[in-house]
Structures are given as C-alpha cells and as structure tokens.
Amino acid sequence: MQPGCAAPALRSQRAGSGYHGGMHTTSSVLIRELAERLMARGLSAADLEREVGARLPTFRDPDARWPLAAFAALTRLAVRELEDPALGLHVAETLPPERQHVVARIAGTTPTFRDAMADWARYASLVCTADRIRLDDVGDRFRARYLPLPDATPVPFLHEHYLVLARLALTATLGPLAESASFELALPPPPYLDEVRRVLGPRVRFNAPCTSFEIDSAAASAPIRPGDPYLGAVLRSAAERWLEGLGTANGPPAISARVRATLGELGDLDGGALRDR
C-alpha cells in the first residue's frame with residue numbers, strides 16, 4: 001500500500017454525528033435519487049424496503065439518516081434493475097440540477113478549486129459517517145483521496161461516483177487546466193472500461209491502493225469565479241438553523257466553522273434539496 005493510502009484510524013463519534021449504535025449511516029442525496037429511479041421503473045416503496053432490508057427515510061426530514069449497509073444494497077439493486085452496470089459513473093452525470101451533489105455547489109462559491117475540495121472533504125463527514133476525503137500535495141501535484149473507514153460496509157459504487165463528481169467539478173471550474181487530472185480506482189478494471197475512460201478521460205489506473213485523483217498544484221490554486229456574497233449570507237443563516245436541527249454543532253471535531261459557512265452558501269441553492277435528502 002502506498003504511503004498515505006491507509007484507511008484513517010477509527011475515531012469516537014459524538015452524539016449528533018449520525019453514527020448510531022455502532023452502525024454507520026448516510027444522508028446522501030443518492031438515496032432519494034436511486035429510489036425514485038427504481039420506483040419509476042415499477043418497483044414500489046415496499047419492494048425497495050424488502051430488497052434492502054430497511055425502511056426508506058423521510059426525505060423531507062433534515063435529521064433522517066439511513067444505514068450504510070442499506071445504501072450499499074440500494075446501489076446493487078439499482079445497478080441490476082436499471083440494467084446499467086456503469087450506473088456509478090452515470091448517476092452523477094444525470095442528476096437534476098436541483099439535486100446536484102454538494103461538491104458542485106462548493107465549486108462555485110470558493111476562490112480556488114483547492115478551497116472547494118477542502119470544504120467538500122469536511123462536508124463529506126456530515127453526509128456519511130463511514131468515509132473521509134483526505135487532501136495533500138505530492139511534489140507538484142495536488143491529491144484527493146477517498147478513504148472508507150476500516151469498519152465500513154464496502155460500497156464500490158461510491159468509488160466511481162466520487163471520481164465523476166470530481167471530474168465534473170474540475171471541468172466546470174478549471175476548463176483546460178483540468179486536463180492535467182489523473183484518476184486512480186481501488187477497483188479492478190470493469191467490463192465497461194471504455195465508458196470509464198469516456199467519463200474520466202484516458203489517465204485512469206485500476207487496482208490502486210486507494211481511490212484518488214491528482215491535478216497540478218498550480219491548477220488547484222488557480223482563481224475560479226467567486227460566489228454571490230449576498231446569497232451566501234442569506235443561505236448561511238438558513239444553514240445554521242439546519243445544522244442546529246441535525247445536532248452537528250457538537251459533532252466530530254473536523255466540523256469547523258468554515259464548514260458551516262460553506263453549507264450556508266449552499267443550503268438552499270437547490271430549493272432545499274440538501275435538507276430533503
């Protein structure tokens with residue numbers, strides 16, 4: 001295993017962090033997205049709950065969380081029933097604008113891509129208790145690593161999904177500078193290898209020690225268009241109330257004031273979808 005690719009050590013979770021009874025949980029927007037796609041295909045809510053072994057969350061409840069094991073089962077069910085083995089690549093490309101992942105919002109509200117990734121890394125801990133995003137510089141390359149915790153249920157779907165989100169954010173914010181990006185997957189080459197390269201580009205390595213991407217450090221630090229400061233102030237106030245409702249004010253130490261500010265700039269950009277997970 002390469003240096004820096006070891007899974008992070010387990011930390012105790014405080015009340016309100018979403019780690020309940022020793023079971024990892026998630027509030028990912030993908031729960032609602034995949035459930036609705038499956039129901040559009042003809043499966044009922046009861047069918048879904050029976051298949052994954054858990055009741056669907058109340059999507060408009062800001063405190064609703066779901067067992068990570070059930071989410072992993074949902075991704076497997078969606079791949080099978082939607083007949084798309086590359087769904088982990090495709091779902092990020094086809095999410096409706098009002099349900100875009102938080103990384104897409106962050107990219108438009110921070111001064112550099114590096115700052116956007118720092119906020120995304122911290123926000124990831126709020127969305128899911130089971131994994132972490134770690135950032136560093138290796139020589140002249142800026143690197144982001146996806147590190148599931150040792151006790152987490154494996155969710156291979158997320159390895160592809162997170163890298164596609166990164167690719168979309170890189171392209172949207174950096175334009176031609178994004179061409180310096182390279183990607184590594186801690187997965188074997190899939191049967192849909194051509195589709196992986198279509199979405200992520202030709203610089204993809206499989207069977208890597210950990211899932212990650214790199215980009216030139218200079219590109220990561222290049223200025224990007226800042227967000228609307230007035231909108232950010234309005235949304236920051238809304239996000240403070242949302243965070244208090246979730247109990248994250250006393251959450252893990254990594255949840256800093258900077259994260260709250262970022263969520264403030266993001267909270268209602270999609271009409272409340274972040275709270276409707």
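Student: How do you know at what angle the axes of helix α1 and helix α3 cross?

Tutor: In this predicted model, where local features need pLDDT of at least 70, side-chain atom pairs count only at pLDDT 80 or more, and totals for chains, interfaces and linings use all residues, the axes of α1 (residues 29-40) and α3 (residues 68-81) come within 10 Å and cross at roughly 35°. Axes are lines fitted to C-alpha atoms, for helices over the stretch in contact, with angles from 0 to 180 degrees between N-to-C directions, and helices are DSSP runs of H or I with at least four residues, strands being E runs of at least two. Residues are numbered from 1 along each chain as its sequence is written, and side-chain values use heavy atoms, leaving out hydrogens and water.

Student: Which residues of α1 and α3 meet?

Tutor: With contact meaning heavy atoms within 4.5 Å, Leu-30, Ile-31, Leu-34 and Leu-38 in α1 meet Phe-71, Leu-74, Thr-75, Leu-77, Ala-78 and Glu-81 in α3.

Student: Why does Ile-133 count as buried or exposed?

Tutor: Buried means under 20% relative accessible area and exposed over 50%, with partly exposed in between (1.4 Å probe, protein chains only); Ile-133, which lies in strand β3 (residues 131-138), has 4% relative accessibility and therefore counts as buried.

Student: What makes β3 and β6 edge strands of the sheet?

Tutor: Two strands pair if DSSP finds at least two bridges between them, and the open sheet has the order β3-β4-β7-β5-β6 with mixed pairing. β3 and β6 (204-205) each have a single partner strand, so one side of each is left without a neighbour in the sheet. For β3, 8 bridges join this strand to the antiparallel β4 (residues 141-148).
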